[in-house]
Amino acid sequence: MLKTQIEFEQYIKSLLVSQKGKRIYCFQYNAQSYWLKQPEELKGIWRILKPNPKKSFIRELNKLKFLAEQKAPVPELVCSGKDFLVLKDSGKTVSWWMVNCSCPIKMKNNILIDVINAILSLHKMNLTHGRPAIRDIIWNNGEVLFIDFESPNIKKDLFYQRKRDILLFVYSLCREKTLSDEQIVLVLNEFEKKLSENLWQSILSSMKKLSWLYHFLSVFKPIAKTDLLAVYRLFENFSTIIKNK
């Protein structure tokens with residue numbers, strides 16, 4: 001083992017003592033940022049609601065190892081043990097780029113197109129994310145990485161999982177007030193161009209079948225909060241696409 005690797009692991013051991021109990025901790029080492037993750041230490045009611053934090057942590061670790069073996073676009077797992085893992089920091093999330101960055105609209109649109117291509121590339125590997133919200137996607141100079149996957153299960157219906165990924169990704173865009181409806185329609189048009197006809201038509205069919213839900217929920221619009229407002233936007237932007245057919 002290289003001396004530098006030994007020194008790094010010794011440093012991690014010191015952090016496990018000084019940062020004991022912290023679920024996530026960001027640190028710098030040799031001018032590189034890393035994330036230290038440990039099992040949650042729960043208190044009160046959360047011990048009942050989340051009874052097995054260590055088992056959840058082991059599942060997350062095994063999931064990361066599985067995805068790395070599949071060469072999925074995920075952050076580098078630098079080292080790990082039964083009660084910790086260290087990930088190399090890979091950049092800002094897409095949510096940060098969309099909400100906090102003052103970059104031009106054109107750049108933001110290009111980032112969204114990069115993410116679409118990355119989702120479709122992931123699907124071509126017969127993998128799905130399960131919940132590709134923009135807070136769980138990293139963009140760095142054209143490179144896209146995914147974090148916080150739902151448990152990968154290649155035995156499940158891939159067609160359904162791909163469809164779910166796309167709808168949840170678009171829904172996450174609809175939650176962001178800084179993104180215009182024009183940008184969301186741009187994303188939908190991009191998916192239409194790049195998805196198989198079968199999958200795209202299945203997505204449109206599902207949205208049409210669920211249109212009754214939009215009308216039912218509309219009565220709550222005056223008091224709706226972020227999550228419900230995003231549902232309205234999801235239906236309204238898909239409706240724009242459907243009407244233009």
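A residue is called buried when its relative accessible area is under 20%, exposed when it is over 50%, and partly exposed in between, with a 1.4 Å probe and protein chains only. At 37% relative accessibility, Asp 148 therefore counts as partly exposed.

This structure is a predicted model, in which local features need pLDDT of at least 70 and side-chain atom pairs count only at pLDDT 80 or more, while totals for chains, interfaces and linings use all residues. Residues are numbered from 1 along each chain as its sequence is written, and side-chain values use heavy atoms, with hydrogens and water left out.

**Two domains and their interface**

The protein consists of domain 1 (9-88) and domain 2 (92-244), with bounds that come from an automatic or database domain assignment. The centres of the two domains, taken over C-alpha atoms, lie 28 Å apart. Contact, defined as heavy atoms within 4.5 Å, links 11 residues of domain 1 with 14 residues of domain 2.

The size of an interface is often given as the accessible area lost when the parts come together. Buried area is that loss, found with a 1.4 Å probe and summed over both parts. Between domain 1 and domain 2 about 920 Å² is buried, and carbon and sulfur atoms give 76% of this area. On the side of domain 1, Lys 63, Pro 73 and Pro 75 lose the most area to domain 2, together 50% of what that side buries.

One salt bridge is found across the interface of domain 1 and domain 2; the term requires a side-chain nitrogen of Lys or Arg within 4 Å of a carboxyl oxygen of Asp or Glu. Asp 148 forms a salt bridge with Lys 37, and their closest N and O atoms are 3.9 Å apart. Helix α3 (residues 53-69) gives the most to the side of domain 1 that touches domain 2, namely 4 residues. Helices (H or I, at least four residues) and strands (E, at least two) are DSSP runs, numbered from the N terminus.

**Two residues with positive phi**

Most residues other than glycine have a negative phi. The table lists two residues of this model that have a positive phi although neither is a glycine.

| Residue | Phi | Loop | Relative accessible area |
|---|---|---|---|
| Asn 141 | about 50° | between β6 (137-140) and β7 (143-146) | 71%, exposed |
| Asp 148 | about 50° | between β7 and α6 (158-174) | 37%, partly exposed |

Asp 148 thus joins two parts of this account: a positive phi and a salt bridge with Lys 37.

Terms used:
Buried area = accessible area lost by both parts, 1.4 Å probe.
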